[in-house]
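Work through the exercises below with the model open in a viewer. Each task is followed by a solution in steps.

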2 protein chains.
Amino acid sequence: MARRLHAPMTSHTEENYLKAIFKLAEKTAKAVSTNAIAAEMRTSAASVTDMLKRLAEKELIHYEKYRGVQLTEQGSQLATALIRKHRLWEVFLVDKLGFAWDEVHDLAEQLEHVQGSGLVERLDTFLGRPKFDPHGDPIPDAEGRWAFRQQVALNTLQPGDKGVVTGVDEHSTEFLQYLDQLGLALGARLELLERYPYDQSVRIRTADGRELTLSEKVGQNLYVKVS
Amino acid sequence: MARRLHAPMTSHTEENYLKAIFKLAEKTAKAVSTNAIAAEMRTSAASVTDMLKRLAEKELIHYEKYRGVQLTEQGSQLATALIRKHRLWEVFLVDKLGFAWDEVHDLAEQLEHVQGSGLVERLDTFLGRPKFDPHGDPIPDAEGRWAFRQQVALNTLQPGDKGVVTGVDEHSTEFLQYLDQLGLALGARLELLERYPYDQSVRIRTADGRELTLSEKVGQNLYVKVS
DNA sequence: TGTTGTTTTTAGGGTGGTCTAAAAATAACG
DNA sequence: CGTTATTTTTAGACCACCCTAAAAACAACA
Ligand SMILES: [Mn+2]
Ligand SMILES: [Mn+2]
Ligand SMILES: [Mn+2]
Ligand SMILES: [Mn+2]
């Protein structure tokens, strides 16, 4: 292709890989494995190896055969910028265009790759410099700094504890729509009434007085700030 | 590639070709030539021939070797939808994010390819269903219908004629910034004072009383609605 | 420590998109 | 109408990204 003139330095695909590696590195602390990336990207391990060579060539990751990968400073910055864009666009889609929180991921997945000077900062300003996206995930600022939110999984609360829903661990449409159905949106206040050790489910009361029983799965995937 | 599951039916590249063909077909009425497309896309004629085969295969164009191409109904609809998206995003960038009218083309060129059900219609609603983009170009509606605007090139006016700037034929940064410098934005009122046959330049008076002499080039590229 | 099972890489190939150079078809003109 | 100039297509190659199947490396464990 002779490296097209104004073509961006990193392709959509490369960016998606970087984001996946960043995400995996967050959870594991150790070097990220080829298989983990393949699972995250829903692609083959062979394709991943292929891409890892390219990313290493561009010095976006540290890569040693069979030893897994880590993002370089540059790669990390790129991934952070991408997450910033992704989450800002999600805020736009929900706050300005009126999409539901379970509808925006795929669109943001595309919008995050739009390149152009000033776009992100203008978008940020337009949205009122939000610190969290529609799923409660933090939005890094222009310098890559992350806001920290004091939150725990719902099923770590004890009976009598009160809290506010601040985020979700899962982002699937099924889970988010189920929460909608239960009337549990971001910001919802609740009190934990009882814990059932048998199946790790919990009983809660919402701000409007409804009592709900939530499975272990829901309790793990819902984050709350204890108040 | 085994036709990836959720991959869109048409690639970014194919969409850009369709748009280029649509644009060229508008001006020429005859079948669009390979060379014209190559020039418009800034690519080689060989690459164009290659792509024409693919587009014909997908029945987006009618293509006969050496005979040029025409969009099929389907291709035409796709191109129209793309132009709609492009221009709506331009409105967004200017009206909502505060970009200047000469800065938005490249960004819209990327944003127009974002796919997702409901996005365009929600964007349209959010923007107040605009009928024209920041350059005065008409935005087709969801059914592909175009608004018609009664406008002529500035240099067709006669002394004494008054008008309002409604659009531009050229979209280059240089031209648009020159207009900014002259204080000639969309909606600017003006009166043609005199025509100079020697070099086809014209003298005008703006709403705020300034008198300007505009070259033939500017006179050709500025559209006005006579009032 | 050798064998087995898992992970990762290589080998080989495919598609979409690009290019240059050469061949073929069409258009222009004397 | 034949020759020349132009346009268009083919030939052949390259890169990014993907795949499957086989080989190689590593990890686990008896
Ligand atoms: Mn993405
Ligand atoms: Mn999110
Ligand atoms: Mn485009
Ligand atoms: Mn425009």
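The exercises cover the pairing of the chains, the interface, the domains and the salt bridges of this predicted model.

**Exercise 1. Symmetry of the two chains**

Task: Work out how chain A and chain B are related, and find which residue of chain A comes closest to the rotation axis.

Solution:
- Step 1. Lay chain A on chain B: the RMSD is 0.0 Å, reached by a turn of 180 degrees with a shift of 0.0 Å along the axis.
- Step 2. The two copies are therefore related as by a two-fold rotation axis.
- Step 3. In chain A, the residue closest to this axis is Leu111(A), with its C-alpha at 3.6 Å.
- Step 4. Both copies use the same surface, since 100% of the contact residues of chain A recur in chain B.

**Exercise 2. The interface between the chains**

Task: Describe the interface of chain A and chain B by its contacts, its buried area and its polar pairs.

Solution:
- Step 1. Count the contacts, taking heavy atoms within 4.5 Å: 22 residues of chain A touch 22 residues of chain B.
- Step 2. Take the area: the chains bury about 1,700 Å² between them, and 72% of this lies on carbon and sulfur atoms.
- Step 3. Find the main contributors on chain A. Leu97(A), Arg122(A) and Phe126(A) supply 30% of the area that chain A buries against chain B, more than any other three residues.
- Step 4. Look for charge pairs and polar pairs. Zero salt bridges are found across the interface, while six residue pairs are in polar contact (both at pLDDT 80 or more).
- Step 5. Assign the contact residues to helices. Helix H4 (73-96), helix H5 (105-111) and helix H6 (119-126) of chain A each supply at least two residues of the side that touches chain B.
- Step 6. Sort that side of chain A by residue type: 11 are nonpolar, eight polar and three charged.

**Exercise 3. The two domains of chain A**

Task: Carry out the same kind of analysis for domain 1 (1-147) and domain 2 (152-226) of chain A.

Solution:
- Step 1. The centres of the two domains of chain A, taken over C-alpha atoms, are 29 Å apart.
- Step 2. Eight residues of domain 1 of chain A are in contact with 12 residues of domain 2 of chain A.
- Step 3. The two domains of chain A bury about 780 Å² between them, 55% of it on carbon and sulfur atoms.
- Step 4. On the domain 1 side, Trp101(A), Asp102(A) and His135(A) lose the most area to domain 2, together 73% of what that side buries.
- Step 5. The count between these domains is zero salt bridges, and five residue pairs are in polar contact (both at pLDDT 80 or more).
- Step 6. The residues of domain 1 of chain A that touch domain 2 divide into two nonpolar, two polar and four charged.

**Exercise 4. A salt bridge within chain B**

Task: Locate the parts of chain B that are linked by the salt bridge of Lys19(B) and Glu109(B).

Solution:
- Step 1. Begin with the total: the structure holds 30 salt bridges over all chains.
- Step 2. In the pair of Lys19(B) and Glu109(B), the closest N and O atoms are 2.9 Å apart.
- Step 3. Lys19(B) lies in helix H1 (residues 12-28) of chain B and Glu109(B) in helix H5 (residues 105-111) of chain B.
- Step 4. The two residues are 90 residues apart, and the pair links distant parts of the chain.

Notes. Residues numbered from 1 in each chain as written. Chains lettered and ligands numbered in written order. Predicted model: local features only at pLDDT ≥ 70, side-chain atom pairs only at ≥ 80, totals over all residues. Heavy atoms only, no water. Least-squares fit on C-alpha atoms with pLDDT ≥ 70 in both. Buried area = accessible area lost by both parts, 1.4 Å probe. Salt bridge = Lys/Arg side-chain N within 4 Å of Asp/Glu carboxyl O. Polar contact = N/O pair within 3.5 Å; in protein donor to acceptor, adjacent residues only side chain to side chain. Helix = DSSP H or I, 4+ residues; strand = E, 2+ residues; numbered from the N terminus. Nonpolar A, V, L, I, M, F, W, Y, C, P; charged D, E, K, R; others polar. Domains from an automatic or database assignment.
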